[in-house]
Amino acid sequence: MSLIDIHGVTRAYHLGGGLRRRAVLQALRGIDLAVEEGEILSLVGESGCGKSTLARLLIGIEEPSAGTITVAGRPISSYGRLERARLIQPVFQDPYSSLNPRKTVAAIVAAPLDVQGGETSRSRMAAVHQIMDAVGLPRYLANAYPSQLSGGQRQRVAIARALVGRPKILVCDEPTSALDVSVQAQILNLLADLHRAFKLTVVLITHNLAVVSHLTDRVAVMYLGRIVEVGTTDGIFAAPHHPYTRELLRAVLRPEPGMQLPSLQLKSDFPSPTAPPPGCGFNPRCARTTELCRRTMPDMSPLDGRAVACHHPL
C-alpha cells in the first residue's frame, strides 16, 4: 500500500458575492495520485495549476470539496491536529515570512516539541542542537533571530523546525524559489541528504524543472487542476508523452552560450480556472487537438510504464 493515496480529490473556491455573480474556481478537478513510502515525488506545472492547493490539503490546512486523501492507511481527516503534525510537516516557500521574527532560532525549532509536550527542557534543547547539526546550522546561532540570518540559513531553520519531531512525510512548497541561485543547490543537496538520513517521504512542489531533475524519483505533471502525466524523472525527461509536459521541458532556459529563447508550440494563453474549456483542459493550447479533445476529458491511461491523460500522446 502507498503511504499517501489520493482519489478523486477536488477543491472548489467560491469567488465574489454581493451584487456580483459568484464564480466558482475549480482549483483541483479530480486528482488521483499515490506516493510510495521513502520516495521523493515532484508536483510540477505552471503557476495556478493547483500545486499549492494540493499541498495545503496534504498537510491538513484545508479539506477537499470531494474525494479522499489517505495517509498510512487512514483518511487524513481522521487524524487529530497533533497526531497529523507528528506525521506530516511542511516547508514553505518564503523562510522569512514563515518564521516568527520575535523568537530565537532555538525557540522556533523547539516549537513543535513544545506543542507536542512530554519532554523536559534539557531534552528539547538536546533535540534542537541535534537537528541544527543535521541541517548545517552552527549551534552559536541558537540565540540569533531570523533577521540576523541569511536566506539560506532561514530556510535551514524552517527545515529543522519541520524535522525536529521526526515526521515521516515532508511537504515542500517551492522551498528554493525565494533563495539566491547560489544557495538553491545547497538546500537541494541538504534535502537529498536528509531524505536518506531520516528515511523521509518527500512531496516537492515546484515549477523549476532543474530542481526536479536534481532531486526527485518520480514526477507528476499538473495542468489546470488535473494531473496529466506521472512517471519516473528519467523517463519523463527523456521522452515526455503528454504535449504539455513536452512544452514544459522545452521552456527550460539553458545556460549555454549562443542558445536562443525556446520556441514553444502553444496556441494560446493559460485558460481561466473559473472557466475551464470543455474536454481536455489543454486543448486550446495544444497543436495536436482534435474534436475528441474538445469534447471529452481524457482519463489517465498506462503507457510505457507511466500514466498519461491524453487522447493523442506523443
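## Cysteines and strand E9 in a predicted model

The sulfur of Cys172 lies 17 Å from the closest cysteine sulfur, that of Cys49, which is too far for a bond. The structure discussed here is a predicted model. Cys172 is buried, and its relative accessible area is 0%. For Cys286, the closest cysteine sulfur belongs to Cys310, at 6.2 Å, again too far for a bond. Cys286 also counts as buried, with 9% relative accessibility. A disulfide requires the two sulfur atoms to be within 2.5 Å. Across the whole structure, the search finds 0 disulfides.

| Cysteine | Closest cysteine sulfur | Sulfur distance |
|---|---|---|
| Cys172 | Cys49 | 17 Å |
| Cys286 | Cys310 | 6.2 Å |

Strand E9 covers residues 218-223, and 6 of its 6 residues are buried. Arg218, Ala220 and Met222 point one way from the strand, while Val219, Val221 and Tyr223 point the other way. Both sets of residues are buried.

E9 pairs with strand E3, residues 40-44, in the parallel sense through 4 bridges. Within this pairing, Leu43 has Ala220 of E9 as its bridge partner. E9 also pairs with strand E10, residues 226-232, here in the antiparallel sense and over 6 bridges. In that pairing, Val219 is partnered by Gly231 of E10. E9 and E10 together form a hairpin, with 2 residues between the strands. Leu224, in the turn of this hairpin, has a positive phi of about 50°.

Conventions:
Residues are numbered from 1 along each chain as its sequence is written. This is a predicted model: local features need pLDDT of at least 70, side-chain atom pairs count only at pLDDT 80 or more; totals for chains, interfaces and linings use all residues. Side-chain values use heavy atoms; hydrogens and water are left out. Buried means under 20% relative accessible area, exposed over 50%, partly exposed in between (1.4 Å probe, protein chains only). Two strands pair if DSSP finds at least two bridges between them.
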